[in-house]
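Dear colleague,

Here is the structure that I promised to pass on to you. Please have it open while you read the notes below.

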Amino acid sequence: MASSRRRGRPSEPAADLLASLPPPLLDAILTRLDLRDAVRTSALSRAWRRRWEELPCISLSFLDKRGGTPSAAVDRVLASYPGHISSFSFHFDKYSAGCVADWLVALCSRGVRSISLQCSYYHYSFTLHSSVFLCTQLVYLELNGCRVPPLPAGFPGFPVLEELKLYAAQFPEKGERQLEEILGASPSLNTLNLSYLYICGDGPPSEWVIGGPNLRNLTINLDKSYGWRITDLPRLDEATIDMENYVSSGDFEGFIAGFDQVRKLILHTCYPLPPIHFSSLPLTMLLIDNCDQSRDITNEIELYQGTGSEIE
């Protein structure tokens with residue numbers, strides 16, 4: 001009898017301390033988790049079941065280069081989650097490429113601010129859906145190894161885009177004009193990387209301008225110049241240019257003059273350079289990588305600048 005009196009009452013279920021946290025703090029915790037971990041929190045308790053679907057925004061990253069993310073998983077997330085998607089990164093293969101168009105259409109209405117698409121199979125075998133050009137809230141856009149479609153009618157531009165990185169992307173004929181229009185419609189752009197691009201067509205390229213009022217960092221690595229020239233870059237701090245055939249193809253002095261505001265200039269070339277006149281450039285560093293040897297002529301610039309002399 002005494003022993004039975006000593007027995008305590010059945011213990012009450014432990015309080016869900018996490019559920020007692022203010023919703024904004026819960027959102028902050030969940031948004032810092034990897035998506036898979038955020039979804040797994042549904043198993044913690046009844047209160048947490050599908051709690052991740054109530055987040056104001058999420059980031060989706062599927063960059064497994066082994067093709068480990070089935071496209072059905074992305075479909076389920078996009079179907080289950082009704083809120084904003086701040087960023088979307090996907091490394092697609094030939095099995096998932098057919099779904100990317102539907103995903104881009106969905107992302108366009110979700111306020112996506114960052115898109116990174118990387119192709120794991122033969123370059124140019126996948127054509128991007130033009131809805132990517134309607135994602136007007138993009139701050140970051142990276143496209144790797146895909147065909148870029150023509151701009152849609154009434155292209156609204158990228159008013160808040162800050163970084164544009166195009167690697168091994170193929171543009172249609174006269175794509176240089178398309179690139180120029182994209183840059184002209186991206187007034188906030190501060191970082192631009194154009195590497196290994198291919199523009200269709202056998203005719204001579206049209207001259208086009210790489211410019212931007214806020215561009216600070218420029219990287220160009222192309223097999224051909226495609227008629228581009230540099231102008232109107234008042235805030236350019238650093239430029240890295242793989243010159244390839246540019247030195248032998250025309251006005252090198254005019255080419256250099258386009259960088260009249262740059263502070264750091266890195267040139268890669270396998271051609272001998274003509275004499276370089278730097279008196280009008282505010283350079284603090286110039287590195288010339290000439291195939292077998294690199295030459296840092298920073299000190300020489302400090303000596304020669306303002307004297308009207310040339311560096312051989």
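The chain exposes about 16400 Å², an area that comes from the Shrake-Rupley method with a 1.4 Å probe, where for residues only the protein chains shown count as cover, and carbon and sulfur atoms supply 51% of this exposed area. Please keep in mind that this is a predicted model, in which local features need pLDDT of at least 70 and side-chain atom pairs count only at pLDDT 80 or more, while totals for chains, interfaces and linings use all residues. Residues are numbered from 1 along each chain as its sequence is written, and side-chain values use heavy atoms, with hydrogens and water left out.

Of the 312 residues in the chain, 43% are buried, meaning under 20% relative accessible area, whereas exposed means over 50% and partly exposed lies in between (1.4 Å probe, protein chains only). The chain has eight helices and 17 strands, which are DSSP runs numbered from the N terminus (helices H or I, at least four residues; strands E, at least two).

Helix α5, residues 97-108, has as its buried residues Ala97, Cys99, Val100, Trp103, Leu104 and Leu107. Seen down the axis of α5, these fall within an arc of 145° (taken from the directions from the helix axis to the C-beta atoms), so they line one face of the helix. On the other side of α5, Gly98 and Asp102 are exposed.

Serine 87 lies in strand β2, and serine 87 counts as buried because its relative accessibility is 17%.

With best wishes
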